[in-house]
Amino acid sequence: MTSSFLKEGDIAPDFCLPDSRSEKICLKDFKSGWVVLYFYPKDGTAGCKQEAVDFSAAKEEFEENGAVVLGVSKDTVVSHQKFIEKNGLTVTLLADTDLTVVKAFDVWKLKKFMGKESMGTVRTTFLIGAGGEIEKVWNNVRVKGHVDEVLRELKERKGKGKE
């Protein structure tokens, strides 16, 4: 396993994961448009809730700009269902319970919190263009203002004709 994150210009690893309705969602199904793929640590935690709420609030604007938003965590389909219902979320959340996709995108890392070390998902967002190329990566995301930054980047890249 490499110690570096995937980077801009890399081809995003293809995957298929169940959403909150247990329907299989595959990255290859979105090859004709943009994908905002965000990885987050855990349903129900404050930062993860805020990020999901922010992406949900901007979902329509992302769609108007040709992008789908997909959130991925190691939580179960049932956990995602409860998280969505409790917080009125509209974005698609994918369950990666065996960590296949989290590891493929190299966001499963050693983390330090309050003096303890453990493996976990590093909050990371990928902007993936048509054809599957990673156009932009945000590592170690800070939630506040992040969704606006991703939307600005999407609009800027669309404005340059990079579809």
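## A buried partner in a salt bridge

Asp75 is buried, with a relative accessible area of just 7%, because anything under 20% falls into that class. In this predicted model, Asp75 forms a salt bridge with Lys42, and the closest N and O atoms of the two lie 4.0 Å apart. The bridge ties distant parts of the chain together: Lys42 sits in the loop between β3 (34–39) and α1 (46–57), while Asp75 sits in the loop between β4 (67–73) and α3 (77–87). Along the sequence, 33 residues separate the two.

The two ends of this bridge do not sit in the same surroundings. Lys42 is partly exposed, with a relative accessible area of 43%, whereas Asp75 is buried.

## More salt bridges

Here is the general idea to keep in mind. Side chains of opposite charge can pair when their charged atoms come close. How many salt bridges does the count come to? The total is 11.

One of them joins Lys59 and Glu63, with 3.7 Å from N to O. Both residues belong to helix α2 (residues 59–64), and they are 4 residues apart there, so about one helical turn separates them. Lys59 is partly exposed at a relative accessible area of 26%, and Glu63 is also partly exposed, at 44%. Elsewhere, salt bridges with shared partners join Asp19, Arg21 and Glu23 into one network.

Let us look at one link in that network. Glu23 and Arg21 form a salt bridge whose closest N and O atoms are 3.4 Å apart. Is Arg21 buried or exposed? Arg21 counts as exposed, because its relative accessibility is 57% and the exposed class begins over 50%. Glu23, at 41%, counts as partly exposed.

## The chain as a whole

Now step back and take in the full fold. The chain has 5 helices and 9 strands. Starting at the N terminus, the elements follow the order β-β-β-α-α-β-α-β-α-β-β-β-β-α. The radius of gyration is 15 Å, close to the 15 Å that the globule rule gives for 163 residues, so the chain is as compact as a globular protein of that length.

Along its principal axes, the C-alpha trace spans about 45 × 35 × 30 Å. Of the 163 residues, 48% count as buried. Contacts also reach across the sequence: among those between residues at least 6 apart, 64% join residues at least 24 apart.

## A cavity and its lining

Rolling a probe the size of a water molecule over the atoms shows where empty space is left. Searching the whole structure turns up 1 cavity of 30 Å³ or more. The largest cavity holds about 30 Å³ of space.

Which residues line the largest cavity? They are Leu27, Phe30, Lys31, Gly33, Val35, Ile128, Gly129 and Gly132. This lining divides into 4 nonpolar residues, 3 polar and 1 charged.

## A closer look at Gly33

Gly33, one of the lining residues, lies in the loop between β2 (24–26) and β3. With a relative accessibility of 17%, Gly33 counts as buried.

Setting aside neighbours within four places in sequence, Gly33 is in contact with Gly66, Ile128, Gly129 and Ala130. Two of these names, Ile128 and Gly129, also appear in the lining of the largest cavity. As for Leu127, the C-alpha atoms of Gly33 and Leu127 are separated by 11 Å, although the two residues are 94 residues apart along the chain.

Technical notes:
Residues are numbered from 1 along each chain as its sequence is written. This is a predicted model: local features need pLDDT of at least 70, side-chain atom pairs count only at pLDDT 80 or more; totals for chains, interfaces and linings use all residues. Side-chain values use heavy atoms; hydrogens and water are left out. A salt bridge is a side-chain nitrogen of Lys or Arg within 4 Å of a carboxyl oxygen of Asp or Glu. Buried means under 20% relative accessible area, exposed over 50%, partly exposed in between (1.4 Å probe, protein chains only). On a 1 Å grid over the protein atoms alone, a cavity is a set of points where a 1.4 Å probe fits but cannot get out, and a pocket is an open set with protein on both sides within 12 Å along at least five of seven lines; lining residues have an atom within 4 Å of a point. Grid points are joined across faces, edges and corners, and a volume is the space filled by probe spheres set on the points. Ala, Val, Leu, Ile, Met, Phe, Trp, Tyr, Cys and Pro count as nonpolar, Asp, Glu, Lys and Arg as charged, and the others, Gly among them, as polar. The radius of gyration is taken over C-alpha atoms; the globule rule is 2.2 Å times the number of residues to the power 0.38. Contact means heavy atoms within 4.5 Å.
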